Amino acid sequence: MGFTVIARVSMGYALVLVSLFTLIVIGSLFVARDALLSDYPPAIRERYGTQSARGRRTAAVAGLLNLALFIAVPVVGVLDLHDRTEGRLGFLPPFVLGTTGFLALTLFDLLVIDWLLFCTVRPRFMVLPGTEGMPEYRDLAFHAKVLVPRPVPWPLLAVPGYGALVGGLAWLVETVTA
């Protein structure tokens, strides 16, 4: 299988992953504005106070939906890659699929959801009641620091880690079922 096919399939499933993740995030905020309270800057969390019961339930459902998403999309993507090739996939094509998907998700989350929507546009469904106008909503650096914490930038390490998990599991399943 050529790299062009792997790249095209990986980008397609990355788009699916990003789209569904965004729907879950935005949908959870429409259900309960404080569903993602733990992701807000500390000063906003402090002023807002305790997360509501509805926010906790919504966050739990969103977490389960995202977990299902992070499992289902690469499984379908690997099956698609497998259908496009003769023989075994091995490790590399599923690794590229997983890494591409998680990288696209990470970049979209930072650039569009965090910086564009949360910090710049600030739609009402993202602003917690009683915290309107706080300067922390415009803190671009907060979101970058969350992505690259010190001393170990584990969120960035999760990108190839997710790819390795997808590639390793695909290879293992092929090996065991061969």
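How do the residues of the lining of the largest cavity divide into nonpolar, polar and charged?

## The cavity and its lining

In this predicted model, the lining of the largest cavity consists of seven nonpolar residues and two polar ones, with no charged residue among them. A search of the whole structure finds one cavity of 30 Å³ or more, and the space in the largest cavity comes to about 60 Å³.

The residues that line the largest cavity are Tyr13, Ala14, Leu17, Val73, Pro74, Leu97, Gly98, Gly101 and Tyr162. Two or more residues of this lining are given by each of the elements α1 (3–31), α3 (53–83) and α4 (92–121).

## A nonpolar patch on the surface

On the surface, Phe91, Leu92, Leu165, Leu169, Trp171, Leu172 and Val176 together make a nonpolar patch of about 690 Å². Helix α6 (residues 154–177) contributes the largest share of this patch, namely five residues, and leucine 165, one of the patch residues, has its place in helix α6.

## The salt bridge

By the distance rule applied here, the count of salt bridges comes to one. The partners are aspartate 80 and arginine 84, whose closest N and O atoms are 2.7 Å apart, a pairing that counts because a side-chain nitrogen of Arg within 4 Å of a carboxyl oxygen of Asp meets the criterion.

The two partners are covered to unlike degrees: aspartate 80 has a relative accessibility of 17% and therefore counts as buried, the limit being under 20%, whereas arginine 84, with a relative accessible area of 44%, is partly exposed.

Notes
Residues are numbered from 1 along each chain as its sequence is written. This is a predicted model: local features need pLDDT of at least 70, side-chain atom pairs count only at pLDDT 80 or more; totals for chains, interfaces and linings use all residues. Side-chain values use heavy atoms; hydrogens and water are left out. On a 1 Å grid over the protein atoms alone, a cavity is a set of points where a 1.4 Å probe fits but cannot get out, and a pocket is an open set with protein on both sides within 12 Å along at least five of seven lines; lining residues have an atom within 4 Å of a point. Grid points are joined across faces, edges and corners, and a volume is the space filled by probe spheres set on the points. Helices (H or I, at least four residues) and strands (E, at least two) are DSSP runs, numbered from the N terminus. Ala, Val, Leu, Ile, Met, Phe, Trp, Tyr, Cys and Pro count as nonpolar, Asp, Glu, Lys and Arg as charged, and the others, Gly among them, as polar. Patches are made of residues with over 30% relative accessible area and no salt bridge: like charges are joined within 9 Å, nonpolar side chains (Val, Leu, Ile, Met, Phe, Trp, Tyr) within 5 Å. Accessible areas come from the Shrake-Rupley method with a 1.4 Å probe; for residues, only the protein chains shown count as cover. Buried means under 20% relative accessible area, exposed over 50%, partly exposed in between (1.4 Å probe, protein chains only).
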